[in-house]
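The following exercises invite the reader to examine a structure step by step. Each task is followed by a worked solution.

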Amino acid sequence: MNVALALEGNDWWRRAVFYQLYPRSFQDSNADGIGDLQGIIDRLDHLRGRGDSLGVDAVWLSPTFPSPMKDFGYDVSDYLGVHPDFGDMATMDRLIAECHRRGIRILLDWVPNHTSDQHPWFLDSRSSRSNPHRDWYIWRDARPDGSLPNNWRAVFGGPAWTRDEATGQYYLHSFLEEQPDLNWRNPAVVDAMHDTLRFWLRRGIDGFRIDVMGMIVKHPDLADNPLNPHWSPGSAEPKFLWSSNRNYPDVYEAVRGIRAVLDEFPGSMAVGEVFGTPDEIARYYGSRSGLDGLHLAFNFQFIHEHGHVFTAWDAESMRRIVQNAEAAVPPGALPCWAFGNHDRSRFISRHDHDGRGHERARAAAVLLLMLRGVPFIYYGEEIGMADVGIPDSRLQDPARFHTPGRDPERTPMQWDGSPSRGFSAVEPWLPYGPADVNVAARQHDPASILALYRRAIGLRREFRSLEQGSLRVLPSHPDVFAFERSLAGEPSATVLINTATGVRRASLHSPGRVLLTSRAAGAAGQTGQDFEIGPLEAMVIIHG
Ligand code: NOJ
């Protein structure tokens, strides 16, 4: 068996390539149309193992806990279990062991901001005003004029408050009304949630992706959010800012508390889903006294910026995004990059206005894996999956905060070209995409996007400057994003991304060897100082 050793050391995550896996859609092993943990075990060789595997170091599983599935697992009814759709605790233990045997670390998706309304804590909490769990959630009376307790909006639309008839008060829910927000100002909630982390860390989980990290602690008085100065009637801007309930300064103290729990388990780590300005995001890494916050905080600017989906593929945006991130992360910390996830339209579909999304996706693979920092690959990106059109009758996502919801980017992984795509023996929970987009078809094709991903991951391993080196943006043609990766004592590398659909000239400070090009027919080999870079091509050149 050709299994590389796991990355060593407690800071393994600094060198890791991560893979986000949506458990409902990876592999169905028990013929119910829904992916499950046994299915993931059965497919681990794709990620790392025998033969031609991708070679990732860690996986993040979107939520696997018991849940009424109103928000497909982001409404947790038991933090210490496994949803029967996915399997049971014994299968989870085997998955952890099988991952570790292959050198893969495994992260669960921890949802601290809210539970399901079916969580026993909330059932208790809503049962009476005097229940000991009452204050575990955020309950308020209507204002004296009968209006809602404040002006906060739910992320999925509508007011963030729902009145509970039984006790006559409103509870806060930043997402669906079936997702009541926990009260992180109550120390009992903090303790209970910390214990859920310990439970999984003791079982061998290596860390967590933390859902909506920035909302868990709100303004102490739940003050109204101020009007957004950029809003006007009919504009796409939200009417109110989020300053009372997102990145409220007290949240950083809660983050440090979470970090302290992780520090009880050396080698564990967390990556936060955070939104905000680069400076707000940087604060999640720690306080002035050091990196005592999250190990990593996602930078989503290649997916969406200021709430707007990112569709630009131009060198100027790349320069801005990368330079902002580099300037904002504190010394010693690493940026964390994702080009797709389960909440947004897939990369190819976002960049396909001229039918050339596939070429951009190939260049994006190179960019993602060559940037300084920690890359997250969203399942299916490595075979070029695009959004799948979902007929109205099969739409699943209740949170249609962007039409038509998030189903198109959550469709089953396509393992082969058969009618079942190798995913399930029965009709899958969401329809499949085109049959020709599949692992088997790409596996042995050296010109495939899968081969490109594998080579790019391999290069990070091979060249320490690419894995750990610093990043410096280089002067270049306006259409070409160019940067250098270098590390003392190691050969440096130049990465070039031509974002134009025409040929552009590129020049290097010294000649080098082309290690990788995103073009299927692109040639590797020696190159001079001045040369042409093809339409939408990405190149990695090593010097010395
Ligand atoms: C962010 C998650 O990524 C998304 O899928 C979910 O709906 C919300 N948080 C609410 O938990």
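**Exercise 1. Asp 181**

Task: Determine in which loop Asp 181 is found, and whether Asp 181 is buried or exposed.

Solution. The model is a predicted one. Step one is to place the residue: Asp 181 belongs to the loop that runs between strand 6 (169–172) and helix 5 (187–202). Step two is to consider its accessibility. The relative accessible area of Asp 181 is 0%. Buried means under 20%, so Asp 181 is buried. Step three is to look at a residue elsewhere in the chain. Trp 139 is 42 residues apart from Asp 181 along the chain, and the C-alpha atoms of the two are separated by 9.6 Å.

**Exercise 2. Asn 151**

Task: State which two strands flank the loop of Asn 151, and find the separation of the C-alpha atoms of Asn 151 and Phe 240.

Solution. Asn 151 sits in the loop between strand 4 (139–140) and strand 5 (161–164). With a relative accessibility of 16%, Asn 151 counts as buried. Although Asn 151 and Phe 240 are 89 residues apart along the chain, 8.4 Å separates their C-alpha atoms.

**Exercise 3. The domains**

Task: List the domains into which the chain is divided, and give the distance between the C-alpha centres of domain 2 and domain 3.

Solution. First, the division: domain 1 covers 12–115 + 187–219 + 247–458, domain 2 covers 120–172, and domain 3 covers 469–542. Second, the distance: 56 Å lies between the C-alpha centres of domain 2 and domain 3.

**Exercise 4. The surroundings of the ligand**

Task: Identify which residues come nearest to the ligand, describe the shell by class, and state how much of the ligand the protein buries.

Solution. Begin with the neighbours. There are 13 residues around the ligand, of which Asp 71, Asp 211, His 342, Asp 343 and Arg 406 come nearest. By class, this shell comprises 7 charged, 4 nonpolar and 2 polar residues.

Next, consider individual contacts:

- Asp 343 has a side-chain N or O atom 2.4 Å from an oxygen atom of the ligand.
- His 114 places a polar side-chain atom 2.9 Å from an oxygen atom of the ligand.
- Arg 406 has a side-chain N or O atom 2.9 Å from an oxygen atom of the ligand.

Finally, turn to the area. The ligand taken alone exposes 300 Å², and the protein buries 98% of that.

**Exercise 5. Salt bridges**

Task: State how many salt bridges a search of the whole structure finds, and describe the one between Arg 209 and Asp 211.

Solution. Start from a general principle: side chains of opposite charge can pair when their charged atoms come close. The search of the whole structure finds 35 salt bridges.

In the salt bridge of Arg 209 with Asp 211, the closest N and O atoms are 2.8 Å apart. Arg 209 is buried, at a relative accessible area of 1%, and Asp 211 counts as buried at 7%. Asp 211 is also one of the residues that come nearest to the ligand.

Two further pairs may be examined in the same manner. Asp 57 and Arg 48 meet in a salt bridge of 3.1 Å, N to O, and both residues are buried. Asp 11 and Arg 15 meet at 3.2 Å, N to O. Here Asp 11 is partly exposed at 37% relative accessible area, whereas Arg 15 counts as buried at 18%.

A network of salt bridges links Asp 71, Asp 343, Asp 397, Arg 406 and Arg 410. Asp 71, Asp 343 and Arg 406 are also among the residues that come nearest to the ligand.

**Exercise 6. Positive phi angles**

Task: Give the phi values of Phe 72 and Arg 421, and locate each residue.

Solution. Phe 72 is a residue other than glycine, yet its phi is positive, near 45°. Phe 72 lies in the loop between strand 2 (58–61) and helix 3 (89–101), and it is buried at 7% relative accessible area. Arg 421, likewise not a glycine, has a positive phi of about 55°. The loop of Arg 421 lies between strand 13 (374–378) and helix 11 (439–443); Arg 421 is buried, with a relative accessible area of 11%.

**Exercise 7. His 295**

Task: Determine which backbone atoms the side chain of His 295 reaches.

Solution. His 295 is found in the loop between helix 7 (278–282) and strand 9 (296–299), and counts as buried at 7% relative accessibility. Its side chain reaches the backbone nitrogen of Ala 270 at 3.1 Å and the backbone oxygen of Ser 268 at 3.4 Å.

How values were computed. Residues are numbered from 1 along each chain as its sequence is written. This is a predicted model: local features need pLDDT of at least 70, side-chain atom pairs count only at pLDDT 80 or more; totals for chains, interfaces and linings use all residues. Side-chain values use heavy atoms; hydrogens and water are left out. Domain bounds come from an automatic or database domain assignment. A residue is near a molecule or strand if one of its heavy atoms lies within 4 Å of it. A polar contact is a pair of N or O atoms within 3.5 Å; within protein, one must be able to donate a hydrogen and the other to accept it, and residues adjacent in sequence count only if both atoms are side-chain atoms. Accessible areas come from the Shrake-Rupley method with a 1.4 Å probe; for residues, only the protein chains shown count as cover. Ala, Val, Leu, Ile, Met, Phe, Trp, Tyr, Cys and Pro count as nonpolar, Asp, Glu, Lys and Arg as charged, and the others, Gly among them, as polar. Helices (H or I, at least four residues) and strands (E, at least two) are DSSP runs, numbered from the N terminus. Buried means under 20% relative accessible area, exposed over 50%, partly exposed in between (1.4 Å probe, protein chains only). A salt bridge is a side-chain nitrogen of Lys or Arg within 4 Å of a carboxyl oxygen of Asp or Glu.
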